[in-house]
Amino acid sequence: MDDTFLLALSTLAATIRMATPLIFCAMAGIFSERSGVIDIGLEGKMLAAAFAAAVVAAETGSPFIALGAAVVVATLLSLVHGYACITHRGDQVVSGVAINIVAAGLTVVLGHAWFGRGGNTPDLTPDQRLMPIKLPGADTLIEIPFIGPIYYHIISGHSLLTYVAIAIVPLVWFVLYRTRFGLRLRAAGEAPAVVDTAGIPVLRLRYMAVMIAGLLCGIAGTFLSISMNATFQKEMTAGRGFIALAAMIFGKWRPWPAFFACLLFGFLDAIAIRLQGVALPGIGHVPVPLIQALPYLFTVVLLAGFIGKAVAPKALGYPYIKER
Amino acid sequence: MTAAASNGAPPPAIELVGINKRFGSVQANRDVSLRVEKGTIHGIIGENGAGKSTLMSIVYGFYEADSGEIRIDGQKVNIRSSAAAIAAGIGMVHQHFMLVESFTVLENVMLGAEGGAMLKEGASKARTELLRLGTEFGLTVDPDARVGDLPVGDQQRVEILKALFRHCSILILDEPTGVLTPQETDQLFRILAALKARGVTVLLITHKLKEVLAITDHVTVMRGGEVVADRRTADTNANELAELMVGRKVRLELEKTPAAIRAVELAVDALSLVDERGVTRLHDISFNLHAGEIVGIAGVSGNGQSELLETLAGIRTPSRGSIRLRDTVISADSPSDPAAMRALGLAHVPEDRHRLGIVTGFPAWESAVLGYQRDPKLGGRFLLNRNAMTGRCEELMQGFDVRPLQPQLGSSKFSGGNQQKLILAREMACQPRVLLVGQPTRGVDIGAIEFIHREIVALRDRGVAILLVSVELDEILALADRVLVMNQGRIVGEIAGKDADERQLGLMMTGSAEQQRAAS
Amino acid sequence: MSARPSQLPRWIEIGLLPIINVLMALVVAGLILWTIGANPFEAIAILVEGAFGSGYGWGYTLYYATSFIFTGLAVSVAFHAGLFNIGGEGQAYIGGLGAGVVALAFDNLLPAPVLVPLAILAAAAFGAAWAIVPAYLQAYRGSHIVITTIMFNFLAAALMVYLLVDVFRDPGQMSTQSRTFTENATLPEMATAFGWVGIKISSTPLNLSLVWALICCVLVEIFIWRSRLGYEIRATGLAPRAAIYAGIKPARVVIIAMAISGALAGSVGVNEILGVQHRLLLEFVAGAGFTGIAVALMGRNHPFGIVLASLLFGALYQGGAELAFEIPTITREMIITIQGLIILFSGALAYMNRPWVERLYLRLVAAKAQGASSHG
C-alpha cells in the first residue's frame with residue numbers, strides 16, 4: 001500500500017476525531033447564541049463534563065452513566081449561566097469567563113482531593129470507555145483497493161460519539177429551521193420583543209437554549225475524557241471550547257458551515273501533530289504553533305469583514321427587558 | 001350609552017370603561033371610556049402625549065390599567081399579556097414594526113401561531129392562508145421574501161397579515177402612515193376599507209386629521225390623557241377636530257419686544273438627509289437664521305425635526321445641500337462634527353436630554369462641562385482643573401437657579417426641569433452666535449418653563465440666532481418670531497410669529513393644509 | 001426607559017453590596033473545601049499565616065499582587081471606555097516579549113539606567129500594540145472586541161511558542177527559553193533595593209516593579225478622573241450618544257483606551273521578565289490576565305480598590321501555595337476556583353443581592369422613621 005495514501009487516510013481519520021468535540025461545542029454555541037445568549041463558557045462546560053465523565057466512569061465502570069453525569073454537570077453550569085444572564089441580566093461575557101475559570105480550578109481541586117494524582121483521574125480500562133467501533137465488514141472490505149481502506153480507516157473505527165456528532169449536525173439544522181421551537185429560538189436571538197408580542201415567553205426559550213448548549217458540551221467533554229483519552233487531565237480541553245467558538249463564528253452561526261469549519265480546524269490540528277519536527281522539501285522546518293494558530297487568525301480576519309461578513313444574531317448579548 | 005343592549009343592537013366590538021393609568025406622577029390615562037361599534041373604522045386622534053399609545057398598550061396587554069374595564073363583544077375580559085390580547089381577537093400593528101427582519105414573510109406570520117411542533121405542515125397551510133388573505137384584502141406580499149428587504153409599506157402589510165392570520169376581529173393600527181409614502185397610504189386605506197367590509201373592526205391611532213376624515217366612521221379625540229370628544233366623522237370637520245385636539249390652552253404670557261433682526265448667521269440651503277437605512281429624513285430644506293431672531297420649527301414629532309437639529313449640530317452629515325455657519329460651509333464633501341460646530345459658535349440644547357444632554361453617571365459638575373471638556377479655561381493642556389469645573393458648575397447653577405445648588409450631586413438626581421436649566425445654562429454660557437434648542441420644556445414644571453422661556457428671549461435680545469424645535473404649539477407661539485412648519489421631512493410653510501395661530505399651525509402640521517389650500 | 005436610580009445610599013452601593021458579593025463567593029469556596037474534607041477555617045488560618053505571617057510571605061504576596069495591579073488596571077481602563085478587554089493575558093505575554101527583546105538586544109551595550117527604562121517602555125509598547133489591533137478592528141471594522149481579544153490571547157501564545165522554539169532558544173539549551181540577560185537588563189529585587197538604605201528584608205521575587213505598579217495606579221487615577229482624555233473616555237463608556245453630542249470621537253476613544261489598557265497589561269512583563277526570570281520563557285503570565293478581570297470587578301474599576309483586590313489575590317496565591325503544602329488534599333487550583341467565583345458573584349451576579357438589600361434597607365428606614373415619629 002502506498003505510504004502517502006495511508007498517511008492521508010490516517011490524517012483524515014484524525015481530523016474527524018479532532019473535530020468531534022469541536023462539533024458538539026460549536027452546535028452548543030449555535031443554540032445558545034441563536035437565542036441571544038453569548039456563550040464563551042463552552043470551554044469550561046466541556047472541561048467540567050470531561051471531569052465528571054472520567055470520575056463516574058472510573059467509579060461505576062459504565063461509560064453511559066458517565067455520559068449522563070457529564071451531561072448533568074454541564075447543564076447545571078448552563079443553568080448558572082442562565083441564572084446570571086437571563087434572570088439577573090448579568091453580563092454574559094463575564095459570566096462565561098467565570099464559568100471557564102471555576103471549571104479550570106474546581107476540576108483539579110476535586111480530582112486532586114479524590115484521587116490524589118495531581119488532578120488526573122484514575123486510568124480507565126477499555127470497558128469503562130467508549131472505544132472505537134469497527135463497522136461491519138471493515139476487515140473483509142479492506143482488501144478492496146482504494147475504497148476498502150477508506151471504509152476501514154475513515155468511515156469505520158470511530159467512537160460512538162463521533163458518529164453521534166456527525167448525526168447531530170443535520171438534527172441541529174432540522175431543529176433550528178424546521179421546527180416551531182427552532183423558529184421561536186432564532187426569533188428570540190434576533191428580536192426578542194417580537195417574540196414577546198407574539199405571546200411567547202422569551203426567558204423560557206432562552207433557558208431552554210442554554211440548557212441544550214449544556215447538554216451538547218456535556219457530550220463533548222465525555223468524548224475527550226473517556227473516548228479520545230482514558231483519563232481526565234488538568235485543562236485537557238486546551239482551548240478547544242474557544243476553537244469551537246471560532247468555528248461557530250466562522251460558520252456564521254449556521255450548523256452546516258460551522259460543521260465544515262470544525263472539520264477544517266480539526267484538520268489543522270491533525271496535520272499540526274504530524275508535521276511536528278518534520279522538514280518538508282522546499283519549505284523546510286514547519287512552524288507548527290503557527291499552524292495551530294490558524295483557526296484564531298481565520299476568525300479574526302472573518303470578523304473584521306475581510307472575507308465575507310459574519311453577522312451575529314441581532315439581540316446577541318442583550319438581556320431581554322420587557323418594555324414598559 | 002346603556003341603551004344599546006336593550007334595543008337589541010349588537011354589543012360594541014370593544015368597549016373601554018373608566019380606564020386609569022398612572023406612571024409615577026404622570027396620569028397617562030384618566031377615566032377613559034370608549035366604545036367602538038363592530039365593523040367600523042374608529043379613529044383615535046390627539047397630540048403626542050395625549051395618552052393614545054398608553055391606552056392601546058393597555059388594550060394589547062403591555063400595561064395593566066390601574067382601574068377600569070375592557071369589554072369585548074359585551075364580555076368583560078382580563079388582558080394581562082399579548083397572548084391574552086391575541087386570544088381575545090385583538091391584533092396590533094405597532095408603530096415600530098414587530099417583525100424579525102432576517103426572517104421571511106412566512107416565518108414572521110407563523111411565529112407564535114405555527115400550528116404544530118413541526119413547521120412543515122403549518123407552513124403549507126399558512127402559505128395557502130396568506131394567498132387567500134392576499135387576494136381577499138389586496139394584501140399581496142411574496143411569502144418567501146426576507147422582511148428586511150421589503151419596502152416599509154410591504155412590511156406593514158406583513159404586520160396586518162400577521163394579525164389577520166391570527167383571526168383578529170379587532171385590528172389596532174398605531175400611527176400607521178407615519179412611515180408611508182402617499183401612495184402607500186392610499187393602498188393602506190383601501191386595505192382597511194376591505195377589512196371593514198368583511199366585518200373587521202379597525203382602530204386607527206393617528207394625529208393626522210386628513211386621514212381621520214378620509215376613512216373613519218367615528219372619531220374619539222384625546223387630550224392630556226382624557227377623552228375630550230366623540231364624534232361621528234360625518235358630523236365634524238377639520239377645524240373642529242384641530243381645535244379639540246389642541247384645546248384652548250392658556251397662552252403663555254411673555255413680555256417680548258419685536259425682534260431686531262440682523263445679519264444671517266446660519267444659512268441652510270437645499271439640505272437633504274438620507275439615513276443609514278436609506279430613508280430620506282430631510283427633503284430639500286432651505287432657510288436663513290438671522291442674529292436676534294427666534295425661528296420656531298413646528299411639527300408633529302418624527303417629521304424630521306430631530307434629524308434637522310442633529311445635522312445642524314454636526315452629529316449627522318448632510319447627504320445633499322449645505323449649511324453655512326459664519327464663513328464655513330458644511331456639506332457631504334466637507335463634513336463637520338459637533339466639536340467643530342461648537343468652535344464656530346454654535347450651541348445645542350438637545351431634544352433627548354437624558355441620553356444626549358448630560359451623562360447620567362456623572363456628577364453635575366462634570367455634566368456641566370459636557371461638550372466644553374476641551375475649554376482651555378477649565379485646566380491645562382492635559383488635565384482638567386476640578387476647582388475650575390466645580391466653579392463653572394456653581395456659576396451656571398446660580399445663574400439659572402438650578403436646585404439643589406450642589407455640584408457634587410449626581411446628574412440623574414436632579415429633576416427634569418433642573419437638568420434642563422443646567423444644560424441651557426451650559427450652552428448659553430459660552431456666548432454662542434447660534435443656539436439650537438430642542439424641546440426645551442419637555443417634562444419641565446410650569447415654574448421652570450417660564451424661566452427658561454424668559455432666558456431664551458433674553459438671549460435673542462442679545463443678538464443670538466435661535467432655532468427652536470418644539471412639539472408644543474403654545475411654546476412655539478410664545479417664543480418664535482417666525483415659524484417654519486415641518487411635515488414628513490419638508491418645510492411645508494412659513495408664518496410670521498405674530499400672525500400664527502394654533503389652528504392654522506395644527507392644520508399645516510397634520511398635513512391638512514394642502515387640502516385647505518386646494519379648497520380655497 | 002433609563003435604569004431606575006438606586007434608592008440606596010452610597011455606602012451600601014459601593015461598600016456593602018460588593019462585600020456581600022465577595023462573601024458569597026468565599027462561602028461557596030468554603031463549601032467546596034468542606035466537601036473535599038478540609039476545614040475551611042483552618043484553611044483560612046493557614047492561608048493568612050502563609051501570606052502575611054512572615055517577611056517571606058509578604059514578599060511573595062506583594063510580588064503576585066504586582067502583576068495583578070497591572071492587569072487589573074488594564075481591565076479597568078478599558079472598562080471605563082465601555083470595553084471588555086479579555087485580552088490582558090495575551091497583551092501581558094507580548095509585553096514580556098517586548099521587554100525581553102530589548103533586553104536581549106542591548107544588554108551587552110547599554111548600562112542599566114538606560115536599558116531598564118527602555119525595556120519597561122518596550123513592554124508597554126508591545127502590550128499596547130497587541131491591544132490596538134483588536135481596538136482598530138472594533139472601531140473601524142465592527143468586529144466584537146471580546147471575541148477578537150480572546151483570539152489574540154491564543155495568537156499570542158502560539159507566537160511565543162514559535163519564537164521561543166525557533167528564534168530565541170539558547171543554542172546550547174534543550175528547554176524553550178532564551179539565554180539569561182546580563183545584570184544590565186534586570187530590575188533589582190526589593191531586598192536589594194532595601195539593602196541600599198541599610199534595611200534587611202527577606203529575599204523574594206518581589207522587585208522594584210511594585211513601585212512602577214503603584215506609580216501606574218497614581219497615573220491611571222489622574223488620567224481617568226482628572227484628565228481631559230479621561231473625561232472623554234468615561235463619557236463614552238457611560239453615555240456613548242452624549243459623548244458624540246459632546247464632540248468626542250468614539251473610534252479615537254476605543255483606540256486610546258485599548259492602547260493604555262494593553263500597555264498596562266504588557267507591564268506584567270516588567271515584573272516577570274525584568275524583575276524575576278531575567279530571560280524569556282513560556283507561560284510566565286500564568287493567568288494573571290484573567291485574574292485582572294476578577295481584580296477589576298472586585299476593585300470596582302478604581303485604582304485604590306484594585307490595589308486592595310490585588311493584595312487579596314496576591315495573598316490568595318501565596319497563602320494558597322502554603323495551603324497546598326500544609327494540607328495535601330488542597331491544591332493551588334483552589335485559588336483559581338475562588339477567582340472564578342469572585343468573577344461570578346462580583347461580576348455576572350453583581351445585581352442579584354440588590355433587590356433584597358434595597359427592600360431591607362427601605363423597611364429599616366421606614367421602621368426608624370415610624371419609631372421616631374411615635375416617640376416624638
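The following exchange examines a predicted model through its chains, interfaces, domains and core.

Biologist: How many helices and strands are there in chain B?

Modeller: Chain B has 520 residues, and 50% of them count as buried. Its C-alpha atoms fill a box of roughly 75 × 50 × 50 Å along the principal axes. As for secondary structure, chain B contains 19 helices and 20 strands.

Biologist: What is the radius of gyration of chain B, set against that of a compact globule?

Modeller: Among contacts in chain B between residues at least 6 apart in sequence, 67% join residues at least 24 apart. A compact globule of 520 residues would have a radius of gyration near 24 Å, and chain B agrees with this, at 25 Å.

Biologist: How many helices and strands are there in chain C?

Modeller: The C-alpha trace of chain C spans about 85 × 55 × 40 Å along its principal axes. Of its 376 residues, 56% are buried. The secondary structure of chain C consists of 16 helices and zero strands.

Biologist: Why is chain C as compact as a globular protein of its length?

Modeller: The globule rule gives 21 Å for 376 residues. Chain C is close to that figure and therefore as compact as a globular protein of that length, its radius of gyration being 23 Å.

Biologist: Which helix gives the most to the side of chain C that touches chain B?

Modeller: In this interface, 16 residues of chain C are in contact with 26 residues of chain B. The elements of chain C that give two or more residues to its side are helix 9 (228–238) and helix 10 (240–245). That side divides into nine nonpolar, three polar and four charged residues. The greatest contribution, five residues, is from helix 9 of chain C.

Biologist: Which helix gives the most to the side of chain A that touches chain C?

Modeller: Here 39 residues of chain A are in contact with 41 residues of chain C. Helix 3 (63–87), helix 4 (92–115), helix 11 (240–250) and helix 13 (288–303) of chain A each supply at least two residues of the chain A side. By class, the chain A side holds 27 nonpolar, 10 polar and two charged residues. The most, 15 residues, is given by helix 4 of chain A.

Biologist: Is helix 2 of chain A largely enclosed by the rest of the structure or exposed?

Modeller: Helix 2 (residues 42–60) of chain A has 19 residues and reaches 26 Å from its first C-alpha to its last, close to the 27 Å expected. The residue that follows it is Gly61(A), with a positive phi near 80 degrees. Since 17 of its 19 residues are buried, helix 2 of chain A is largely enclosed.

Biologist: Which helix supplies the largest share of the side of domain 1 of chain B that touches domain 2 of chain B?

Modeller: The domain assignment of chain B gives domain 1 (3–246) and domain 2 (264–354 + 433–519), and their centres, taken over C-alpha atoms, are 33 Å apart. Between them, 12 residues of domain 1 are in contact with 13 residues of domain 2. Helix 8 (209–215) and helix 9 (238–246) of chain B each supply at least two residues of the domain 1 side. The largest share, six residues, comes from helix 9 of chain B.

Biologist: Which residues have the most contacts inside the largest nonpolar core?

Modeller: This core has 405 residues, and it draws at least three residues from each of domain 1 and domain 2 of chain B. Leaving aside neighbours within four places in sequence, Ile172(B) is in contact with residues including Met56(B), Tyr60(B), Ile90(B) and Leu203(B). The residues with the most contacts inside the core are Ala53(A), Ala247(A) and Ile172(B).

Biologist: Does Ala92(C) count as buried or exposed?

Modeller: Ala92(C) is found in helix 4 (residues 88–106) of chain C. Not counting residues up to four places away in sequence, Ala92(C) touches several residues, among them Thr71(C), Gly127(C), Ala265(C) and Gly289(C). A residue needs 20 or more C-beta neighbours within 10 Å to be buried. Because Ala92(C) has 36 C-beta neighbours inside 10 Å, it counts as buried.

Biologist: What distance separates the C-alpha atoms of Ala92(C) and Phe126(C)?

Modeller: Ala92(C) belongs to helix 4 of chain C. Along the chain, Ala92(C) and Phe126(C) lie 34 residues apart, while the separation of their C-alpha atoms is 8.8 Å.

Key. Residues numbered from 1 in each chain as written. Chains lettered and ligands numbered in written order. Predicted model: local features only at pLDDT ≥ 70, side-chain atom pairs only at ≥ 80, totals over all residues. Helix = DSSP H or I, 4+ residues; strand = E, 2+ residues; numbered from the N terminus. Rg over C-alpha atoms; globule rule 2.2 N^0.38 Å. Buried ≥ 20, exposed ≤ 12 C-beta atoms within 10 Å, placed from the backbone. Expected span 1.5 Å × (residues − 1). Contact = placed C-beta atoms within 7 Å. Nonpolar A, V, L, I, M, F, W, Y, C, P; charged D, E, K, R; others polar. Domains from an automatic or database assignment. Core = buried A, V, L, I, M, F, W, Y, C linked by C-beta atoms within 7 Å.
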